[in-house]
Amino acid sequence: MKCPVCRNGETRPGTATLTLERGPLTMVVRHVPAQICDNCGEEYIDEEAARQALEQAEAAARQGVTVEVREFAAA
Ligand SMILES: [Zn+2]
């Protein structure tokens, strides 16, 4: 798609690092599927991937985890 931020670049499939905060939990999820702008580098995380990462963050928060860095794993 055309990048809505710079209006110049085209997005290409890639991966991004997503940081989620849920109460006391900070979770960093690496290699989340995303579209990356080839001009400005803006990252657009795939909606379904973001939803899954959020669910995993909420599960980790319930277990009392406060800091977590993990690789994205599709459910
Ligand atoms: Zn852009």
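Select Ala34 and, leaving aside neighbours within four places in sequence, show what is in contact with Ala34: Gly14, Thr15, Ala16, Glu43, Tyr44, Ile45 and Asp46. Two residues are in contact when their C-beta atoms, placed from the backbone, lie within 7 Å.

This is a predicted model, in which local features need pLDDT of at least 70 and side-chain atom pairs count only at pLDDT 80 or more, while totals for chains, interfaces and linings use all residues. Residue numbers start from 1 along each chain as its sequence is written.

**The whole chain**

Zoom out to the full protein chain, which has one helix and four strands, in the order β-β-β-α-β along the sequence. Helices (H or I, at least four residues) and strands (E, at least two) are DSSP runs, numbered from the N terminus. The C-alpha atoms fill a box of roughly 45 × 20 × 15 Å along the principal axes. Of the contacts between residues at least 6 apart in sequence, 57% join residues at least 24 apart.

**The strands**

Select strand S1 (11-22) and strand S2 (25-37). S1 and S2 pair in the antiparallel sense, over eleven bridges; strands count as paired if DSSP finds at least two bridges between them. At one place in this pairing, Thr11 stands opposite Cys37 of S2. Two residues lie between the strands of this hairpin, and Gly23 in the turn has a positive phi of about 55°.

Next, add strand S3 (residues 43-45), which pairs with S2 in the antiparallel sense over three bridges. Ile36 has Glu43 in S3 as its bridge partner. The hairpin of S2 and S3 has five residues between the strands, and Gly41 takes a positive phi near 85° there.

Then add strand S4 (residues 67-71), which runs parallel to S2 and is joined to S2 by five bridges. Look here for Arg30, whose bridge partner in S4 is Glu71.

**The core**

Now select Ala16, Leu18, Met27, Val29, Val32, Ala34, Ala49, Ala53, Ala57 and Phe72, the ten residues of the largest nonpolar core. A nonpolar core is a set of buried Ala, Val, Leu, Ile, Met, Phe, Trp, Tyr and Cys residues joined through C-beta atoms within 7 Å. S1, S2 and helix H1 (47-62) each supply at least two residues of this core, and S2 gives the most, with four.

Finally, colour by burial: buried residues make up 15% of the 75 residues in the chain. A residue is buried if 20 or more other C-beta atoms lie within 10 Å of its own, exposed if 12 or fewer, and partly exposed in between, with C-beta atoms placed from the backbone.
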